[in-house]
Amino acid sequence: MKMKGYTGKILKVDLTTEKSHARPFDEKHARKYLGGQGFAVEIVYHGVPKGADPLGPQNVLAMAGGVFDGFPVGTGGKVAFAAKSPATNTLAESIMGGSIGPELRHAGYDALEIVGKAESPSYLYIENERIEVKDAADLWGKDTRQVPEMLKKRHGWDVKVACIGVAGEKLSKIASIDCDDRQAGRAGLGAVMGSKNLKAIVIRGTNDLVPAEPKKLLGIAFRYQKIYEAAPSFIEDTKYGTGEFLGWINKEKGVFPTRNFQESVFAEREKIDPYYWAPKYVTKNKACFACTKPCGKLFEVKSGKFAGVAIDGIEYETLYSLGGACGNSDVESVARANELCDLLGMDTISAGVTIGFAMELMQRGIITEKDVGFKLTWDNASDAVPRMVEMMGNRRGFGDVLADGVKVAAKKIGKGAERYAVHTKGLEPPAYDVRGMKGHGLAYMTSTRGACHLRAGFYAPELVGKFWKWEGIDRASTANKGFMVSQTENFMCVYDSVGLCKFSRGFYLIAKLPEVIEAITGLTFTEDELLKIGERIHNMKGAFNAREGVTRKDWLLPPRILQDPIPEGPSKGQKISVEEMNTMLDDYMKARGWTMDGVPTPEKLKELDID
Amino acid sequence: MVKMLVPYPENCTGCRFCEMACTIYHDGKINHADARLQVHRRGVKVDFPSVCTHCVSCGEDCCVLHCPVEAIKKKDGMVYVDQEECTACGECVEVCPFGVMRMEEKAFNCDLCGGSPTCVKFCPMKAIVYEEPKPEQYEKVKKLLAVEE
Ligand code: SF4
Ligand code: SF4
Ligand code: SF4
């Protein structure tokens, strides 16, 4: 094989028959899908039959390491998971920083395809060519820290473990997958593992990874090392983590969703701002595999009622979801709720937004203290939020109503609750109030996995005003947003396929990627060729979703965004009107070459060589 | 005073960049088991690099004393394996308290990259520093490694 860097193999494991098979792929496959998200999406696109139950044995769980995984490229160790999502019924991927992607490649595979369903609780053990489905009876019911500890004691400290918590076992549609205290959180992929009776994936790889040009690669790595070290974001992220711009987004931009999007400036923000808490609680820096600009923080609570809490966090998104969105200004309580989410295996964004939603319902009298069992109120947030997380993860009491996210909860509760459920396609939104960021609002709709800040990453261009090839971007305008969002979506698909962290996207714009890819694989790409791959990946997801009946009618923004203007702060009065929404969607469909219903056309699919 | 690799576990993020840089520099390929230093992650609270270049680091238990054919030698205090004499018996790998004596066809260990340590160059957190030995830092690593057993 001409290409280097890749292992050239995809491992398929059928949990029903316990049979496995490694199939080779060629250079053409690599050139078409690149790796990481591209490989994972291809596997799900071709592997999941139409109408398959996301929580049934026909669903496929794919996992793939990016092109850079295992190689010394700063922040280039991300792994992509993908499946048909139980939350959205769409093809959803979730990207994680845990070290299991690089380990998979050392074991000899670029991607893993898991099909079928194990008869009883099991875990998958992969040690190079040795593939076994093993009994996990003793692991069932254990949390995401106990599981790797037990497995490492059994198989040695060098194995890498990705696992689910109790929430995944109980098929919560907001369940996550955990590895090294990092999570593939979004769209309920943890429940897909749970539905397959798959508690954990354990990998040990001892093979060499050989780049095409080792010396050149080391030189490139060193060059970026220097660029990182000099960058302000390196210094800020390393000191304060990803919440570093929380103050700014509140005070300057006024788009920090608060109390279930009722407000967009959190008055008590200083209490959850890392500039305030980092010096007090952070005891060490943490990083993903291969990351040379660590944003991870070891957050430890040493005294008080939350004493003993120790997490890799608290990240910006979680400061919003379990903090501002729930009106929770007690940072120790946010940390505890974050820890419970991690241990039980639930996405912090979805869990927090769902709790904030229920809090608004109690505020409005739609649910009462009697329904919940305690005061799920803004003024009781510090106690109520962690308590509710615990109940959701275990599906206990009212926690069972909330365990599948806002869309399902609103339906179960009825009484007009839907009016306050903030989501698109069934996925709870991340920490940006898109009423004040129109393009980002479009991106929440077009994102193939539902409301997401990272499928297009359009918050960065809109908040900063420039990105990549554009300048003077006005966040209050709809002009050109359809085109720009489609382009940045393609960009992000490339990012997730090479395995780079999106916190590096300002450092390696697409034009910088070909030399790195070449040093590792020996394959040459132009910038346009890479973007074409990104377009292909996005179109495959779009075609899959259309096939499942998820079209434009299902993409629309929720009532809160369309009807209630932002009440105060720097973005006061802003919302996205139905007319603006439709204009942006029309523009987007044109830019994509899709029908106005959001369906990729046969011509487009042919142009992109998608079968 | 001679310079050595000094570990600062409190600074380490567990990124393992140093291991990758070490093997790619020496072998042109990546295999963490062949890195002349080892990074450990033991749960959310503990990440640390384990290094050893000179006898100062480990004191009594040094591989030099345990090698049955005296293939492990010292030059300016620095430990190296005489490739001619090494019989690949694995004794040194067994006794190395830092777990950094490696074995392929023959035993090998850190050579300080000829005086300009690659791992130090790439560690973003100054968790490995090339400086005069600090015995208390090696003690920290020994303690962390002991917990693991
Ligand atoms: S910047 Fe943060 S999220 Fe990205 S790779 Fe580094 S530690 Fe992981
Ligand atoms: S100094 Fe060189 S040989 Fe020694 S551990 Fe560091 S990179 Fe490896
Ligand atoms: S490069 Fe530095 S921070 Fe990263 S694992 Fe090695 S010693 Fe730790």
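**Exercise 1. A hairpin in chain B.** Identify the residue of E5(B) that is the bridge partner of B:Lys74, and describe the hairpin concerned.

*Solution.* Step 1: within E5(B), B:Val79 is the bridge partner of B:Lys74. This is a predicted model, in which local features need pLDDT of at least 70 and side-chain atom pairs count only at pLDDT 80 or more, while totals for chains, interfaces and linings use all residues. Residues are numbered from 1 along each chain as its sequence is written, chains are lettered from A and ligands numbered from 1 in the order in which they are written, and side-chain values use heavy atoms, with hydrogens and water left out.

Step 2: strand E4 (residues 72-75) and strand E5 (residues 78-81) of chain B run antiparallel and are joined by four bridges. Two strands pair if DSSP finds at least two bridges between them; helices (H or I, at least four residues) and strands (E, at least two) are DSSP runs, numbered from the N terminus.

Step 3: the hairpin of E4(B) and E5(B) has two residues between the strands, and B:Asp76 takes a positive phi near 50° there.

**Exercise 2. Confidence.** State the overall scores of the model, and find which element of chain B has the lowest mean pLDDT.

*Solution.* Step 1: the model has an ipTM of 0.95 and a pTM of 0.97. Step 2: the average pLDDT of chain B (the predictor's confidence in each residue, from 0 to 100) is 92, and 97% of the residues score at least 70. Step 3: among the elements of chain B, the lowest mean pLDDT, 73, belongs to helix H2 (residues 55-58), and the highest, 98, to H1(B). Where pLDDT is low, predicted coordinates should not be read in detail.

**Exercise 3. Ligand shells.** Determine how the shells around ligand 1, ligand 2 and ligand 3 divide by residue class.

*Solution.* Step 1: fix the criteria. A residue is near a molecule if one of its heavy atoms lies within 4 Å of it. Ala, Val, Leu, Ile, Met, Phe, Trp, Tyr, Cys and Pro count as nonpolar, Asp, Glu, Lys and Arg as charged, and the others, Gly among them, as polar.

Step 2: the residues around ligand 1 include A:Cys288, A:Cys291, A:Cys295 and A:Cys501, as well as A:Lys78 and A:Arg182. This shell has six nonpolar, one polar and three charged residues.

Step 3: around ligand 2 lie, among others, B:Cys22, B:His26, B:Cys110, B:Cys113 and B:Cys119. Helix H1 (17-27) and helix H5 (118-122) of chain B are the elements that give two or more residues to this shell. Eight of its residues are nonpolar, two polar and two charged.

Step 4: ligand 3 is surrounded by 13 residues, the closest being B:Cys12, B:Cys15, B:Arg16, B:Cys18 and B:Cys123. By class, 10 are nonpolar, two polar and one charged.

**Exercise 4. The largest nonpolar core.** Name the residues that touch the most other members of this core, and the helix that gives it the largest share.

*Solution.* Step 1: a nonpolar core is a set of buried Ala, Val, Leu, Ile, Met, Phe, Trp, Tyr and Cys residues joined through side-chain atoms within 4.5 Å. Buried means under 20% relative accessible area, exposed over 50%, and partly exposed in between (1.4 Å probe, protein chains only).

Step 2: the largest core has 99 residues, of which A:Phe357, A:Leu376, A:Met388 and A:Phe398 touch the most other members. Helix H13 (residues 348-363) of chain A gives the largest share of this core, nine residues.

Step 3: a second, separate core of 77 residues includes A:Ile95 and A:Leu500.

Step 4: beyond its neighbours within four places in sequence, A:Met388 is in contact (heavy atoms within 4.5 Å) with residues including A:Ile355, A:Leu376 and A:Phe398.

**Exercise 5. Loop residues.** Is A:Asn260 buried or exposed, and how does B:Lys126 compare with the cut-offs?

*Solution.* Step 1: A:Asn260 lies in the loop between helix H9 (246-253) and helix H10 (274-281) of chain A. A:Asn260 is buried because its relative accessible area is 2%. Leaving aside neighbours within four places in sequence, the contacts of A:Asn260 include A:Phe357, A:Trp378 and A:Arg560.

Step 2: B:Lys126 is located in the loop between H5 and strand E8 (128-131) of chain B. Its relative accessibility is 60%, so B:Lys126 counts as exposed. Although B:Lys126 is not a glycine, it has a positive phi of about 55°.
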